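Please open the structure in your viewer and keep the selection tool ready, since this tour moves from one selection to the next and says what is found at each stop.

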Amino acid sequence: PVTQSPVWRALSPQHDQTLFEERHLRYISPLGKGNFGSVELCRYDPLGDNTGELVAVKKLQPNKQSTQEDFQKEVNTLSVLHCDYIVKYRGVCYSMGRLSMSLVMEYLPYGSLIGYLESNRHNVNTRRMLLFASQICKGMEYLQTLRYVHRDLAARNILVASESLVKIADFGLTKIIPFDKEYYRVTQPGESPIFWYAPECINESRFSHKSDIWSFGIVLHELFSFCDMSCNPKRLCMQEIGHNMQSPSISMHLANILKNGWRLSAPPHCPPKVYSLMKQCWAYNFEERPSFTSLGNQIEAIMQDERENLKG
Ligand SMILES: N#CCCn1cc(-c2nc(Nc3ccc(C4CCNCC4)cc3)nc3c2CCN3)cn1
């Protein structure tokens, strides 16, 4: 039937669930800032009776780093990802007035992992952190099957859907690895989160699944530090480098101390087996780093031990 044709669906918002009409998208409050844009809580309320659903809407904030083209790529990336551990794409909203587009996503009520762990540190135990870690691993394993490199895996970009479910978000820096290579070379690094970067990213702007593994190790460290500001990766690295550094040489100094074998120390009360996972992710030579599959299996094994210890 004509109403099922792609053109009809694209042109008639009420039939096509991926096109949101600006006039029904009611702003509620700010949710946060990601790469290239800000995220707001809105209610999509076509009936105008407050029965509409809550959605998270990301608007592009064009600046030197980000363009409409980057944002379109982020939308295209998210729209093809279907995984329980990746934030769901809902659609787009075109505002003709501003000739701009917004990305509409499912709203995750608990916010980012950072805020959640800071305000729930007393009732999040090792088992729950391992559960979150295994979910992030599964999300990254799925991303890898599609040849995507996230490039910004960090606790700030992990969202909490419920007490027992986290999802990977913010695909603003995500790149797809060309079919004939094992890595993606970035030209303009821009505002880089270098304290989450593997050495080859700092030195050669070389990004691969193995550099996402390094960042996963940093996320593990953030998780088991309850995202405590006092021991966040940037702060600990700067302490090691020395605060009196000026920006261009920070990445050079960071690359040096990593080359000399310095790594983040174990978070307080972190189980030794979990710290050993982090150290595996932080192998200087990217070929020695584990895969997300291997990490997932090791995390499940530690969870099993935790279960037995609890019974024991
Ligand atoms: N990733 C990334 C970086 C960009 N970013 C993404 C979101 C986002 N937040 C939520 N939900 C959300 C956020 C904050 C709170 C509270 C926390 C306490 N203080 C007040 C606010 C509550 C719920 N749901 C989303 C998204 C994207 C898709 N669905 C926010 N920032």
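Begin with the ligand and select strand S1, which gives the most to the shell around the ligand, with four residues. While you look, keep in mind that this is a predicted model, in which the protein chain averages a pLDDT of 91 and 90% of the residues score at least 70. For the model as a whole, the scores are ipTM 0.98 and pTM 0.92.

**Stop one: around the ligand**

Select residues 25-34 to show strand S1 and then add residues 100-106 to show strand S5, because each of these two strands supplies at least two residues of the shell, a strand here being a DSSP run. Next, select Ala56, Glu106, Leu108, Gly111 and Leu159, which come nearest among the 18 residues around the ligand. If you color the shell by class, you should find ten nonpolar, four polar and four charged residues.

Which atoms of Glu106 and Leu108 should you display beside the ligand? For Glu106, show the backbone, where an N or O atom lies 2.8 Å from a nitrogen atom of the ligand. For Leu108, show the backbone as well, where an N or O atom lies 2.7 Å from a nitrogen atom of the ligand. If you then switch on a surface, consider that the ligand taken alone exposes 640 Å², and that the protein buries 73% of that.

**Stop two: two residues with a positive phi**

As background for this stop, most residues other than glycine have a negative phi. Select Asn50, which you will find in the loop between strand S2 (37-44) and strand S3 (53-60). Asn50 has a positive phi of about 65 degrees although it is not a glycine, and its relative accessibility of 47% makes Asn50 partly exposed.

Now move to Arg151, in the loop between strand S6 (148-149) and strand S7 (158-162). Phi of Arg151 is also positive, near 75 degrees, in a residue other than glycine. Is Arg151 buried or exposed? Arg151 counts as buried, because its relative accessibility is 6% and the cut-off for buried is under 20%.

**Stop three: the cysteines**

Select the cysteines and display their sulfur atoms; how many disulfides does a search of the whole structure find? The search finds zero. Start with Cys227, whose sulfur has its closest cysteine sulfur in Cys231, at 9.0 Å, which is too far for a bond because a disulfide needs the two sulfur atoms within 2.5 Å. Cys237 is likewise in no disulfide, and the nearest cysteine sulfur, that of Cys231, is 12 Å away. With the surface shown, notice that Cys227 counts as buried at 6% relative accessibility, and that Cys237 counts as buried at 4%.

**Stop four: pairs that are apart in sequence**

For the last part of the tour, select two residues at a time and let the viewer draw a line between their C-alpha atoms. Take Leu130 and Val274 to begin with, which are 144 residues apart along the chain while their C-alpha atoms are separated by 8.8 Å. Leu130 lies in helix H4, residues 126-145, and is buried, with a relative accessible area of 0%.

Go next to Tyr184, which is in strand S10, residues 184-185, and is partly exposed, with a relative accessible area of 24%. Add His209 to the selection, and the line between the C-alpha atoms of Tyr184 and His209 spans 9.6 Å, for two residues that are 25 apart along the chain.

Finally, select Gly172, found in the loop between strand S8 (165-168) and strand S9 (175-176). Gly172 is buried, with a relative accessible area of 12%. Where in space is His150 relative to Gly172? The two are 8.4 Å apart, C-alpha to C-alpha, with their positions 22 residues apart in sequence.

Conventions: Residues numbered from 1 in each chain as written. Predicted model: local features only at pLDDT ≥ 70, side-chain atom pairs only at ≥ 80, totals over all residues. Heavy atoms only, no water. pLDDT = per-residue confidence, 0-100. Buried < 20%, exposed > 50% of the residue type's maximum accessible area, 1.4 Å probe, protein only. Near = heavy atom within 4 Å. Polar contact = N/O pair within 3.5 Å; in protein donor to acceptor, adjacent residues only side chain to side chain. Areas by Shrake-Rupley, 256 points an atom, 1.4 Å probe, with all protein chains shown as cover. Nonpolar A, V, L, I, M, F, W, Y, C, P; charged D, E, K, R; others polar.
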